[in-house]
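Student: I would like to learn how to read a model of this kind, beginning with the contacts of a single residue and working outwards from there. Could we take it step by step?

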Amino acid sequence: PCATQVLSESNLATSPHSSSSSQTITMLPPKYTRSVTVTAEDTAINITVRYEASKEEDEIVEVKELREGESHTFEEKSEDMGSWQNVRKILSIKGQIGEDGEVFEKVCETDCEGVHSNLHYTVHKWGVYSTSR
């Protein structure tokens with residue numbers, strides 16, 4: 001089975017040394033994570049993770065409440081594309097620190113340098129940090 005990658009401005013780069021009449025088009029590598037682990041270091045949090053789908057209406061959203069000191073891994077998911085399976089990349093994590101605390105959102109792609117099997121985020125009372133790739 002072979003998948004076709006759609007070329008768009010987000011995954012293409014043009015060479016800065018190319019002339020206007022002939023540009024070299026280069027595919028940039030994909031940037032996403034297959035799973036995410038979240039640790040509530042020193043406060044309770046509510047976490048929402050959003051998985052991509054081929055159609056926006058088919059996106060998956062998972063919600064988990066973590067007590068102080070708990071961790072949870074949002075596992076890899078796939079989408080049936082007929083004759084092949086597509087890994088659903090995790091688009092973002094969103095959460096609220098405590099019951100009335102700060103709301104935050106992290107776009108996972110910004111913490112990726114290629115394809116990752118797991119990103120680990122640690123949430124503290126004062127913020128969210130990506131701790132390992």
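Student: Which residues does Val38 touch, leaving aside those up to four places away in sequence?

Tutor: In soluble globular proteins, nonpolar side chains tend to be buried together. In this predicted model, Val38 touches Ile45, Ile47, Leu66, Phe74, Ile93, Tyr121 and Val123, and its contacts also include Glu70, Ser71 and His72.

Student: Which residues have the most contacts inside the largest nonpolar core, and how many residues does that core have?

Tutor: The largest nonpolar core has 19 residues, and Val38, Ile45 and Ile93 are those with the most contacts inside it. Two or more residues of this core come from each of β4 (36-40), β5, β10 (90-97) and β13 (119-124), and β5 gives the most, with four residues.

Student: How should I read the side chains along β5, and which of them are buried?

Tutor: In a regular strand the side chains alternate between the two faces of the sheet. Along β5 that alternation places Ile45, Ile47, Val49 and Tyr51 on one face, where they are buried, whereas Asn46, Thr48 and Arg50 point to the other face and are not buried.

Student: What is the order of the strands in the sheet that contains β5?

Tutor: Strands of a sheet pair through backbone hydrogen bonds, either parallel or antiparallel. Here the order is β6-β5-β10-β11 in an open sheet of four strands, and the pairing is antiparallel. Because β6 (60-66) and β11 (103-107) stand at the edges with a single partner strand each, one side of each is left without a neighbour in the sheet. On average, neighbouring strands of this sheet are turned by 15° against each other, if direction is ignored.

Student: How many bridges join β5 to β6, and which residues stand opposite each other there?

Tutor: Strand β5, residues 45-51, pairs with β6 in the antiparallel sense over seven bridges. Ile47 of this pairing has Lys64 in β6 opposite it, while Thr48 stands opposite Val63 in β6. Between β5 and β10, which run antiparallel, there are seven bridges, and Asn46 stands opposite Gln96 in β10.

Student: What do the cysteines do here, and how many disulfides does the structure hold?

Tutor: A disulfide is a covalent bond between the sulfur atoms of two cysteines. This structure holds zero disulfides, and Cys108 is in none, the nearest cysteine sulfur being that of Cys112, 6.5 Å away. Seen from the other side, the sulfur of Cys112 has its closest cysteine sulfur in Cys108, and the 6.5 Å between them is too far for a bond. Cys108 counts as buried because its relative accessibility is 0%, and Cys112 counts as buried because its relative accessibility is 4%.

Student: How many helices and strands does the chain have, and what share of its residues is buried?

Tutor: The chain has zero helices and 14 strands, and buried residues make up 29% of its 133 residues. Of the contacts in the chain with a separation of 6 or more, 55% are between residues 24 or more positions apart. The accessible surface of the chain comes to about 8,600 Å², and carbon and sulfur atoms account for 46% of that surface.

Technical notes:
Residues numbered from 1 in each chain as written. Predicted model: local features only at pLDDT ≥ 70, side-chain atom pairs only at ≥ 80, totals over all residues. Heavy atoms only, no water. Pairing = 2+ DSSP bridges. Axes fitted to C-alpha atoms, helices over the stretch in contact; angles between N-to-C directions. Core = buried A, V, L, I, M, F, W, Y, C linked by side-chain atoms within 4.5 Å. Buried < 20%, exposed > 50% of the residue type's maximum accessible area, 1.4 Å probe, protein only. Contact = heavy atoms within 4.5 Å. Areas by Shrake-Rupley, 256 points an atom, 1.4 Å probe, with all protein chains shown as cover. Disulfide = S-S within 2.5 Å.
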